[in-house]
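Me: Please take a close look at one part of this model, the salt bridges, and then set them beside the rest of the chain. Plain wording will do.

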Amino acid sequence: MKTLTFSVPGIHCNHCTHTISMELSDIEGVSKVEADLDTKMVKVTLEPPADEAKIRAALAETNYPAAD
Ligand SMILES: [Cu+2]
């Protein structure tokens with residue numbers, strides 16, 4: 001299990017953080033999602049089969065792409 005942090009510039013309100021949390025939590029292997037409105041950072045605790053690429057893909061699909 002590891003924790004990855006993503007910068008998501010598109011976060012602008014609590015609805016955004018809620019949407020991101022819901023979408024990422026649906027991914028198998030993701031155990032915890034913390035999306036922060038102030039820092040626009042998303043912290044994800046995961047284990048296989050979830051990985052960084054899957055989280056990035058899900059963020060992009062939800063229209064909240066992670067910054068590089
Ligand atoms: Cu919003």
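Reply: Glu34 pairs with Lys32 in a salt bridge whose closest N and O atoms are 3.9 Å apart. The cut-off is 4 Å, and the structure is a predicted model, a point to keep in mind when reading that distance. Glu34 has a relative accessible area of 36%, which makes it partly exposed. Lys32 is partly exposed as well, at 45% relative accessibility. Side chains of opposite charge can pair when their charged atoms come close.

By the rule used here, the count of salt bridges comes to two. The other pair is Glu52 with Arg56, where the closest N and O atoms are 3.0 Å apart. These two residues are four apart in helix 2, so about one helical turn separates them. An α-helix has 3.6 residues a turn, so residues three or four places apart point the same way. Glu52 counts as partly exposed, with 37% relative accessible area, and Arg56 is also partly exposed, at 29%.

Helix 2 (52–61) also has a part in covering helix 1: the elements over the buried residues of helix 1 include helix 2, strand 2 (30–36) and strand 3 (41–46). Helix 1 itself runs over residues 14–25, which is 12 residues. From the first C-alpha to the last, helix 1 reaches 16 Å, close to the 16 Å expected at 1.5 Å a residue. The buried residues of helix 1 are Cys16, Thr17, Thr19, Ile20, Ser21 and Leu24.

One residue in that list leads to the metal site. Cys16 has a relative accessible area of 0% and is therefore buried. Through its SG atom, Cys16 is a protein donor of the copper ion, together with the SG atom of Cys13, the donors lying 2.1 Å from the ion. Cys13 differs in accessibility: at 26% it counts as partly exposed, whereas Cys16 is buried.

With two cysteine sulfurs at one ion, a check for a disulfide is in order. A disulfide is a covalent bond between the sulfur atoms of two cysteines. The structure holds zero disulfides.

To return to the salt bridges, the two pairs are Glu34 with Lys32 at 3.9 Å and Glu52 with Arg56 at 3.0 Å.

Note on methods: Residues are numbered from 1 along each chain as its sequence is written. This is a predicted model: local features need pLDDT of at least 70, side-chain atom pairs count only at pLDDT 80 or more; totals for chains, interfaces and linings use all residues. Side-chain values use heavy atoms; hydrogens and water are left out. Donors are N, O and S atoms within 2.8 Å of the metal (3.2 Å for Na, K and Ca); water is not among the atoms, so sites may look incomplete. Buried means under 20% relative accessible area, exposed over 50%, partly exposed in between (1.4 Å probe, protein chains only). A disulfide is a pair of cysteine sulfur atoms within 2.5 Å. The expected span of a helix is 1.5 Å times one less than its number of residues. Contact means heavy atoms within 4.5 Å. A salt bridge is a side-chain nitrogen of Lys or Arg within 4 Å of a carboxyl oxygen of Asp or Glu.
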